[in-house]
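Good morning, and thank you for coming. I would like to take you through one protein model this morning, moving from its strands to its surface.

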Amino acid sequence: MQDAVILLIIPFIYASVNSWLCDLSLSLCQYKDQPVVKDLKYADSHEWVKVDGNSATVGITDHAQDHLGDVVYVELPEVGAAVTQGGSFGAVESVKATSDINSPVSGKVVEVNEELNSSPALVNSSPYGDGWIIKVEISNNGELNNLMDSEQYTKFCEEEDSKH
């Protein structure tokens with residue numbers, strides 16, 4: 001009976017570290033009120049990348065969109081454009097500021113999220129889902145080693161926020 005109770009409880013256990021919460025059943029960590037998805041890689045300029053073979057989906061993190069405020073426009077690159085790791089490929093304009101979007105990987109843009117032209121606020125409401133920005137055919141998978149995992153990124157955000 002105790003084993004059954006433990007198995008029912010485990011998916012709902014949260015580990016708390018400082019102002020972080022991790023939901024082990026969802027592969028999701030949270031820094032303050034901002035989720036950080038565990039199976040993504042993160043750049044120090046607050047972009048995320050989800051890799052599937054040589055294909056990468058790129059967006060800005062929840063942390064970034066939260067600091068930007070309400071997004072009113074997203075400048076998208078052309079399909080076929082070359083992107084380089086750390087290089088700017090577009091911009092996000094919010095009611096507070098305009099910020100460059102940097103590519104976490106090098107390669108060729110194979111798709112852009114056209115939905116953002118009419119609904120830029122998807123970047124706010126669904127930064128890791130419907131608010132993705134581009135898809136890239138990766139030219140150098142080794143560059144992924146330059147990016148942070150979710151634990152490193154959440155620690156990075158905590159340290160960055162403590163400076164402000």
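**A walk through the model**

I begin with His-46, which lies in the loop between strand E5 and strand E6 (47-52). Helices and strands here are DSSP runs, with at least four residues for a helix (H or I) and at least two for a strand (E), numbered from the N terminus. This is a predicted model, in which local features need pLDDT of at least 70 and side-chain atom pairs count only at pLDDT 80 or more, while totals for chains, interfaces and linings use all residues. Residues are numbered from 1 along each chain as its sequence is written, and side-chain values use heavy atoms, with hydrogens and water left out.

His-46 has a positive phi of about 75°, although this residue is not a glycine. Is His-46 buried or exposed? With a relative accessible area of 11%, His-46 is buried. By buried I mean under 20% relative accessible area, by exposed over 50%, and by partly exposed anything in between, with a 1.4 Å probe and protein chains only.

Let me turn to the open sheet. Six strands form it, in the order E5-E6-E7-E13-E12-E9, and the pairing is antiparallel. Strand E5 (41-42) and strand E9 (82-83) stand at the edges with a single partner strand each, so one side of each has no neighbour in the sheet. Two strands count as paired if DSSP finds at least two bridges between them.

At one edge, E9 is joined to E12 by 2 bridges, and these strands run antiparallel. Which residue in E12 is the bridge partner of Val-83? The partner is Gly-107. Gly-107 also stands opposite Ile-138 in E13. Strand E12 (residues 107-112) pairs with E13 in the antiparallel sense over 5 bridges, and Val-112 has Ile-134 of E13 as its bridge partner.

Within strand E7 (residues 55-60) we find Thr-57. Thr-57 counts as buried, at 16% relative accessibility. Thr-57 and Lys-135 are 78 residues apart along the chain, yet their C-alpha atoms are separated by 4.4 Å.

I move next to strand E10 (residues 88-94). Of its 7 residues, 5 are buried, so this strand is largely enclosed by the rest of the structure. Strand E8 (residues 71-75) is joined to E10 by 4 bridges, and the two run antiparallel. E10 also pairs with strand E11 (residues 98-102), again in the antiparallel sense, over 5 bridges. Val-92 of E10 stands opposite Val-74, and in E11 the bridge partner of Val-92 is Ser-99. How many residues make up the hairpin connection from E10 to E11? The hairpin joins them through 3 residues.

Ser-94 is also found in strand E10. At 7% relative accessibility, Ser-94 counts as buried. From C-alpha to C-alpha, Ser-94 and Asp-70 are 5.3 Å apart in space, and they are 24 residues apart in sequence.

In the loop between E10 and E11 we meet Val-95. At 60% relative accessibility, Val-95 counts as exposed. Together with Val-72 and Tyr-73, Val-95 makes a nonpolar surface patch of about 300 Å². Patches consist of residues with over 30% relative accessible area and no salt bridge; like charges are joined within 9 Å, and nonpolar side chains (Val, Leu, Ile, Met, Phe, Trp, Tyr) within 5 Å. Accessible areas come from the Shrake-Rupley method with a 1.4 Å probe, and for residues only the protein chains shown count as cover. A salt bridge is a side-chain nitrogen of Lys or Arg within 4 Å of a carboxyl oxygen of Asp or Glu.

The surface also carries a patch of negative charge, where Glu-78, Glu-111, Glu-114, Glu-115 and Asp-130 gather. For charge, Lys and Arg count as positive and Asp and Glu as negative, while His and the chain ends are not counted. The place of a charge is taken as NZ of Lys, CZ of Arg, CG of Asp or CD of Glu.

Asp-130 is found in the loop between helix H4 (122-125) and strand E13 (134-138). With a relative accessible area of 53%, Asp-130 is exposed. Gly-131 is found in the loop between H4 and E13 as well, but at 1% relative accessibility Gly-131 counts as buried. The C-alpha atoms of Gly-131 and Pro-120 are separated by 7.8 Å, with their positions 11 residues apart along the chain.
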